[in-house]
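User: I want to go through this model and ask what backs each label. Please set the values against the criteria.

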Amino acid sequence: MARAVVTVPPRAKRGEIIEIRTLVGHRMETGFRHDNLGRSIARDILTQFVCTYNGTEICRAELFPAISANPLFTFTTIAVESGTLEFKWTGDNNFVLNETASITVE
Amino acid sequence: MIASVVLLLVAGFLPASSGAEMAPEDRRSGYEFMSAQTRAMQDDEAANPATLWLLDGEALWIRKDGRADVSCAHCHGDAATTMKGVAARYPSFDPKLERPLDLEQRINACRTDAQQAAPFAFESRELLALTTYIARQSRGLLIQINVDARLQPFLDRGRNAFERRQGQLNISCAQCHDQYWGRKLAGNPIPQAHPTGYPLYRLEWQSVGSLQRRLRNCLAGVRAAPYPFGAPELVELELYLMWRARGMKIETPAVRP
Amino acid sequence: MSTRREFLLAAGALVLTVRPNTSHATTAAMQEAIRKVVGDAQINRGKVKLDLPPLIDNGNVVALSVSVESPMTPTDYVKAIHVFNEKNPQPNIVSVQLGPRAGRASVSTRIRLADSQTVTAIAQLADGSFWQTSQDVIVTIAACAEEIS
């Protein structure tokens, strides 16, 4: 099952600021909804997102129920060197998802 | 909830269905009634949540399944080539069953006949993903429903369903979508109801869903009993809507509010 | 039979059967959430740009962008961006930790808004100062309170 789509430019110039877009499949059930019998639907959301660049953390986000389902999150970073960007999402019910992307910096 | 109360008030003032179809040049996709942000979501694959379903569909296309242990790709090869134009001409007449099938039913027919696998449940993740993947191969192409003598009676029934008043609110689809499109209902513009982008990601559902799901929502909205998924009445309505939208571009996977 | 009494009984029954509002964050709850992040520090106005559409198709998915004027050098950069709301069931929306490696203090996401309300974004700079901006939005179809269709 496709869980996440990360969009990172495959190549960049050293020192260039690049945009990273992440799209992750998750219902982000708020915990504030009820079903048609009036029963409360339990919260099930992503709570944290971390991005590392060759092991160094470059962005971290704490997510709340106010984030829409299938969260899109866009941020920037300086293309310092070639290597790997690692993305990790964690959430309720022991949810963990990892994704990576490579970048060549010339 | 508010929308249905407003509909109730409005229904009393609407004239009886006139059966007047809108002029072809007046037809506009639901895309044009959305905000710039929602349009941007549809246009950018990296931002469109339906991309997640597309990727699932791509994986299902090459997955072997059923007692025959074959994948879609086994018969149909590369979807980008073989499925091009398919969604643009569905629903289409099935000579064996002697009635039109929509794309979801066609996929399930392939599963049961060729793959000898169980059909996917309507609105299941798998069926939506595969339908979205196949329909996406027609993105940008024009809808082309060719109606012959065999299809005509089904089209007529679909047209009747579109034009007759129904439900406790006693409104027809035509009243809102042929006569009152562009005007506001509970603060939101009424679109023309052209199914150019299905299956699509609906912000209200926060998920990809089929045209039949949307039609069932509409029927519930006028307080009519929604037909079950796969009902012939829904397929006839789909057929009429696609025919009504002929010549418009496929946008799958679209995003709608 | 007294029609007035009948009316009062009916009106009373109606009041009892009306579902109470889903509890939502008030401006006070938002202020408390902000204080948790900011402490006693003064919050300045400026530097932060909030991009939200003024009129929203559907409160379930609202495009949000926040950017902060900052050179993003190793000594002068944005440490964090926090976004709050006043009418959702909960006052927090998102908190992002950045650093000089970001190059630009600019993030985007999609959020849920349960009502027409004011959204507030607060930036925390490396020098310990806080900066904020707010924007009002109109939401016709709300998130959080919708039942499943």
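Analyst: Start with a criterion. Two residues are in contact if their C-beta atoms, placed from the backbone, lie within 7 Å. By that test, eleven residues of chain A are in contact with eight residues of chain B. The model is predicted.

User: What makes up the side of chain A that touches chain B?

Analyst: β1 and β3 of chain A each supply at least two of its residues. By class, six are nonpolar, four polar and one charged.

User: How many residues of chain A are in contact with chain C, and how many of chain C with chain A?

Analyst: The same 7 Å cut-off applies. Here 26 residues of chain A are in contact with 29 residues of chain C. β5 (56-63) and β6 of chain A each supply at least two residues of the chain A side. β6(A) gives the most, with seven residues. That side has 15 nonpolar, seven polar and four charged residues.

User: How do you know that β6(A) pairs with a strand of chain C?

Analyst: Pairing needs at least two bridges. Two bridges join β6(A) to β7 (residues 105-111) of chain C, so the criterion is met. The two strands run antiparallel. In β7(C), Ser108(C) is the bridge partner of Thr74(A).

User: Which residue is the bridge partner of Thr74(A) within chain A?

Analyst: That partner is Arg21(A). Strand β3 (residues 17-24) and strand β6 (residues 72-78) of chain A pair over seven bridges, in the antiparallel sense.

User: What is the strand order of the open sheet, and why are two strands called edges?

Analyst: The order of the six strands is β1(A)-β3(A)-β6(A)-β7(C)-β4(C)-β2(C), with antiparallel pairing. β1 (4-7) of chain A and β2 (48-51) of chain C each have a single partner strand, so one side of each is left without a neighbour in the sheet. On average, neighbouring strands of this sheet are turned by 15° against each other, direction ignored.

User: What else does β4(A) pair with, and over how many bridges?

Analyst: Take β7(A) to begin with. Seven bridges join strand β4 (residues 46-53) of chain A to β7(A), and the two run antiparallel. Val50(A) stands opposite Lys88(A) there. β4(A) also pairs with β5(A) in the antiparallel sense, over six bridges. In that pairing, Cys51(A) stands opposite Cys59(A). The hairpin of β4(A) and β5(A) has two residues between the strands, and Asn54(A) takes a positive phi near 50° in it.

User: Gly83(A) touches Asn54(A). Why is Gly83(A) called partly exposed?

Analyst: Gly83(A) has 15 other C-beta atoms within 10 Å. Buried takes 20 or more, and exposed takes 12 or fewer. The count of 15 falls in between, so Gly83(A) is partly exposed. Gly83(A) is found in strand β7 (residues 83-91) of chain A. Leaving out residues up to four places away in sequence, Gly83(A) touches Tyr53(A), Asn54(A) and Ile103(A). Thr104(A) is 21 residues from Gly83(A) in sequence, and their C-alpha atoms are 6.6 Å apart.

User: What makes up the fold of chain C?

Analyst: Chain C has two helices and nine strands. From the N terminus on, the order is α-α-β-β-β-β-β-β-β-β-β. Of its 149 residues, 42% count as buried. Among contacts in chain C with a separation of 6 or more, 69% come from residues 24 or more positions apart.

User: Which residues have the most contacts inside the largest nonpolar core?

Analyst: They are Ile81(C) and Val83(C), in a core of 115 residues. This core also draws at least three residues from each of domain 1 and domain 2 of chain B. Beyond its neighbours within four places in sequence, Ile81(C) is in contact with residues including Val66(C), Val68(C), Leu98(C) and Ala121(C).

User: How do you know that the two domains of chain B touch?

Analyst: The domain assignment gives domain 1 (2-12 + 30-44 + 144-256) and domain 2 (50-136). Their C-alpha centres lie 23 Å apart. Yet 24 residues of domain 1 of chain B are in contact with 21 residues of domain 2 of chain B. On the domain 1 side, α11(B) gives the largest share, five residues. That side divides into 15 nonpolar, six polar and three charged residues.

Note on methods. Residues numbered from 1 in each chain as written. Chains lettered and ligands numbered in written order. Predicted model: local features only at pLDDT ≥ 70, side-chain atom pairs only at ≥ 80, totals over all residues. Core = buried A, V, L, I, M, F, W, Y, C linked by C-beta atoms within 7 Å. Domains from an automatic or database assignment. Helix = DSSP H or I, 4+ residues; strand = E, 2+ residues; numbered from the N terminus. Axes fitted to C-alpha atoms, helices over the stretch in contact; angles between N-to-C directions. Nonpolar A, V, L, I, M, F, W, Y, C, P; charged D, E, K, R; others polar.
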